Number of protein chains: 2
Amino acid sequence: MTNPTACLLIIGNEVLSGRTKDANLQFLASRLGEMGIPLREARVIPDVPETIIATVNEVRAKYTYVFTTGGIGPTHDDITAECISRAFGVPWEPNQEAWALMAAHYASREPPTEFNAARQRMATMPRGATLIANPVSVAPGFIIGNVHVMAGVPRIMQAMFDQLAPSLQGGTPVQSRAVHATGMLEGKIAEGLGQIQDRFPQVEIGSYPYYRENGGGVALVAKGTDVAAIEAAITEITAYISELGFTPLAGEPG
Amino acid sequence: MTNPTACLLIIGNEVLSGRTKDANLQFLASRLGEMGIPLREARVIPDVPETIIATVNEVRAKYTYVFTTGGIGPTHDDITAECISRAFGVPWEPNQEAWALMAAHYASREPPTEFNAARQRMATMPRGATLIANPVSVAPGFIIGNVHVMAGVPRIMQAMFDQLAPSLQGGTPVQSRAVHATGMLEGKIAEGLGQIQDRFPQVEIGSYPYYRENGGGVALVAKGTDVAAIEAAITEITAYISELGFTPLAGEPG
């Protein structure tokens, strides 16, 4: 059985301008991998309606799950929910549950805070959306079809992901094993490594040089869903490193 | 005159698996913005030939400049150069200049290091490519058409970008001004801010909540190529913040 797949859309001019450094890709990549839902693509796109709509429609047809981050706040540049509605061809309208939740939240604040038009925007969603609870700041994310719409602020996004994770149908977890050696050069090991990769087509072998004050080296990572094959590949790589006269050390460099 | 546009392709399974945190997007976004070549999209894609080829062909038709990072080392998972050749429909063959450069480099090492098949791979490029010098580790990047192929290691990528930057035809620099206020909530300012945005269609106004130990707030950023309009927008936003009873502070929060 092949694993489900995921795509992440990072929506926001602030990431494309360099103002904000994205911190969501790595979190989601790791968590989804553990659940057997490998992230196959990520795109950073601007707050441009046509771009958001076209991209959502392209990737929701292509991947099992789509996740979006960003653009669900109360200001004029928060256009994700409206664009997702247009992508699905459904009305963008008040969501009863979100509305009730947020109205109660603002009424209960001390002093009570107005649930004004801008805040009501955060309770306005595609028709048919189901909510993703937001334990941090109340305003929920939502799910429509295979598209999961989350906040861009990492702390809120992570809390939302924890809420929605149980609803995802995972696959065989992606696991990895690593070995590294200091003083080794990629150009030296490449040929033998390629031969090991050829013998383990079901394992994804990656070669990553690293740089440290006290000398660089190369880390070799074997990744996949077949743990026995991963471990066999790492055993061969380890033996090959020794053969070349380097000292293989288990795991990634510290 | 409208500015040229850019797209970044981050090529590598290690970014999509969460093993490696990308550090190239923010650097390139900032540098390109300063040169008036706004980054309009970034994609993280895996080491899958069909995906690389299709994506390169899609985005090179769509944007003025395409930049790629990753996949130009000597190992089996370094397939960027070969895929770019296939995307352009030209042979993937030894580049005379790169070959001479690298052969000389390996011969001059003490002890001399073999310029073996794996290392020759790094001198194998699409026919017609011109080199991007690599002052850090010799093996060059290259340019073909509007596609600029660079290393994934940030230090090397940045050195390569410094080399190629003078060859890019820039536009009007994208500039920004910011103002922030602690204690302010986005839901409070959203309506008036949207009205200011409507009056300055040529300015991109972004609203970014921030969180600090001693209280959060909102940063408002006005961005674009028309400095007078940016400054006028920030003046209006600053006055609006005061009107609401908060203390506007110039710039982004420290």
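Start with both chains on screen: a rotation of 180° with 0.0 Å of shift along its axis lays chain A on chain B at an RMSD of 0.0 Å (least-squares superposition on the C-alpha atoms of residues with pLDDT of at least 70 in both copies). That is how a two-fold axis relates copies. Now select A:Arg43: in chain A, its C-alpha is the nearest to the axis, 2.2 Å away. Colour the contact residues next (heavy atoms within 4.5 Å), and you'll find that 100% of those in chain A recur in chain B, so the same surface serves both copies.

A quick note before moving on: this is a predicted model, where local features need pLDDT of at least 70, side-chain atom pairs count only at pLDDT 80 or more, and totals for chains, interfaces and linings use all residues. Residues are numbered from 1 along each chain as its sequence is written, chains are lettered from A and ligands numbered from 1 in the order written, and side-chain values use heavy atoms, without hydrogens and water.

Next, select residues 217–224 of chain B, strand S11 (strands are DSSP runs of E, at least two residues, numbered from the N terminus). Eight of its eight residues are buried (under 20% relative accessible area, 1.4 Å probe, protein chains only). Show side chains: B:Gly217, B:Ala219, B:Val221 and B:Lys223 point one way, B:Val218, B:Leu220, B:Ala222 and B:Gly224 the other.

Add S9(B), residues 175–182, which pairs antiparallel with S11(B) over eight bridges (pairing takes at least two DSSP bridges). There, B:Gln175 has B:Gly224 as its bridge partner. Then bring in S10(B), residues 204–210, antiparallel to S11(B) over seven bridges, with B:Pro209 opposite B:Val218. Last stop: B:Gly215, in the six-residue hairpin connection between S10(B) and S11(B), has a positive phi near 110°.

Definitions and conventions: Buried < 20%, exposed > 50% of the residue type's maximum accessible area, 1.4 Å probe, protein only. Helix = DSSP H or I, 4+ residues; strand = E, 2+ residues; numbered from the N terminus.
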